[in-house]
Amino acid sequence: MIETNRLKIYAASQEEMETFIASQSVDALKEAYSEMLDGCLSHPEQWEWYAIWMIELKDGTHIGELCFKGITSDGSAEIGYGIAAESQGHGYATEAVSALVDWAFKQPGTICVTAETEESNAASQRVLSKAGFTPTGEIGEEGPRYEIKKHIDCC
């Protein structure tokens, strides 16, 4: 469990993920979340790198999710996130993304976190910018790519 000033963020268990997937009414989301669960079950030793991370307010109200898409052998992980429409505009996404990036950089071997967002999604681009990501100049499947690299103290 990761706690910030306003949020509780945690990697869901298999049971929590199955219940969450079953509750989805949008087929594309159901499919994406099912792929995450499959990743968890295929890589149980790396559960957190494939799990749905639940975002809740301190009072337990569920407001969104985050995820990684695994971690590569060279220490890079892609992050994705979403906040419920009624909870947008309060800085929750930036707070959650920043907290999960901090968690990722505390894991052995992680050196870079990447993200993609649709070119028209200015709010998501602001989240990434506020969380310390910079554009790479590349275009991925979902749009422009961003990255943040782990700061390594020298000497």
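**Exercise 1. Find the bridge partner of isoleucine 55 in E4, then work out how E3 sits among its neighbours.**

*Solution.* Start with the pair itself: isoleucine 55 has glycine 64 as its bridge partner in E4. Keep in mind that you're looking at a predicted model.

Next, zoom out to the two strands. E3 and E4 run antiparallel and are joined by five bridges. They make a hairpin with four residues between them, and glycine 60 in the turn has a positive phi of about 95°.

Now go to the other side of E3. E2 pairs with E3 in the antiparallel sense, again over five bridges. Here tyrosine 10 stands opposite methionine 54 of E3.

Finally, check how covered E3 is. Six of its six residues are buried. Ile52, Met54 and Glu56 point one way, while Trp53, Ile55 and Leu57 point the other way, and all are buried. Helix H1 (residues 14–22) lies across E2, E3 and E4, running at about 80° to E3.

**Exercise 2. Write down the strand order of the sheet and pick out the edge strands.**

*Solution.* Trace the eight strands and you get E1-E2-E3-E4-E5-E6-E8-E7, an open sheet with mixed pairing. The edges are strand E1 (2–3) and strand E7 (134–140), since each pairs on one side only.

**Exercise 3. What pairs with E6, and in which sense?**

*Solution.* Take one neighbour at a time. With E5 (residues 76–83), E6 pairs in the parallel sense over three bridges. You can spot this pairing at serine 76, which stands opposite cysteine 112 in E6.

With E8, E6 pairs in the antiparallel sense over five bridges. The residues to look for here are glutamate 116 and, opposite it in E8, arginine 145.

Then look at both faces of E6. Cys112, Thr114 and Glu116 are on one side, Val113 and Ala115 are on the other, and all are buried. As for the route into E6, the chain crosses from E5 through H4, and this β-α-β crossover is right-handed.

One more helix belongs in the picture: H5 (residues 122–130) lies across E5, E6 and strand E8 (143–149), at about 130° to E5.

**Exercise 4. Is threonine 110 buried or exposed, and what does it touch?**

*Solution.* First, place it: threonine 110 is in the loop between helix H4 (92–105) and strand E6 (112–116). Its relative accessible area is 1%, so threonine 110 is buried, the cut-off for that label being under 20%.

Second, list its contacts. Leaving out residues up to four places away in sequence, threonine 110 touches Trp49, Ile71, Gly75, Ala104, Phe105 and Lys150.

**Exercise 5. Which residues touch the most other members of the largest nonpolar core?**

*Solution.* The core has 47 residues, and the ones to name are Met17, Leu66, Phe68, Ile79, Val113 and Phe133. H4 supplies the largest share of this core, 10 residues.

Let's follow phenylalanine 68 a bit further. Setting aside neighbours within four places in sequence, its contacts include Trp53, Ile79, Leu100, Trp103, Ala104 and Val113.

**Exercise 6. Why does the salt bridge of lysine 58 and glutamate 3 tie together separate parts of the sequence?**

*Solution.* Begin with the atoms: the closest N and O of lysine 58 and glutamate 3 are 3.0 Å apart. Lysine 58 is in the loop between E3 and E4 and glutamate 3 is in strand E1, so the pair links parts that are 55 residues apart in sequence.

Then compare how open the partners are. Lysine 58, at 38% relative accessibility, is partly exposed, whereas glutamate 3, at 52%, is exposed.

**Exercise 7. Which residues are joined into one salt-bridge network?**

*Solution.* The structure holds eight salt bridges. In one of them, the side chains of lysine 69 and glutamate 142 meet at 3.1 Å, N to O. Lysine 69 is in strand E4 and glutamate 142 in the loop between E7 and E8, so this pair ties together parts 73 residues apart in sequence. Both ends are partly exposed: lysine 69 at 43% and glutamate 142 at 40%.

Another salt bridge joins glutamate 138 to arginine 145 (3.9 Å, N to O). Glutamate 138 is partly exposed at 47%, but arginine 145 is buried at 17%.

Now for the network: salt bridges that share partners link Lys69, Glu78 and Glu142.

Definitions and conventions
Residues numbered from 1 in each chain as written. Predicted model: local features only at pLDDT ≥ 70, side-chain atom pairs only at ≥ 80, totals over all residues. Heavy atoms only, no water. Buried < 20%, exposed > 50% of the residue type's maximum accessible area, 1.4 Å probe, protein only. Contact = heavy atoms within 4.5 Å. Pairing = 2+ DSSP bridges. Axes fitted to C-alpha atoms, helices over the stretch in contact; angles between N-to-C directions. Core = buried A, V, L, I, M, F, W, Y, C linked by side-chain atoms within 4.5 Å. Right-handed = clockwise from strand over helix to strand, strands pointing away. Salt bridge = Lys/Arg side-chain N within 4 Å of Asp/Glu carboxyl O.
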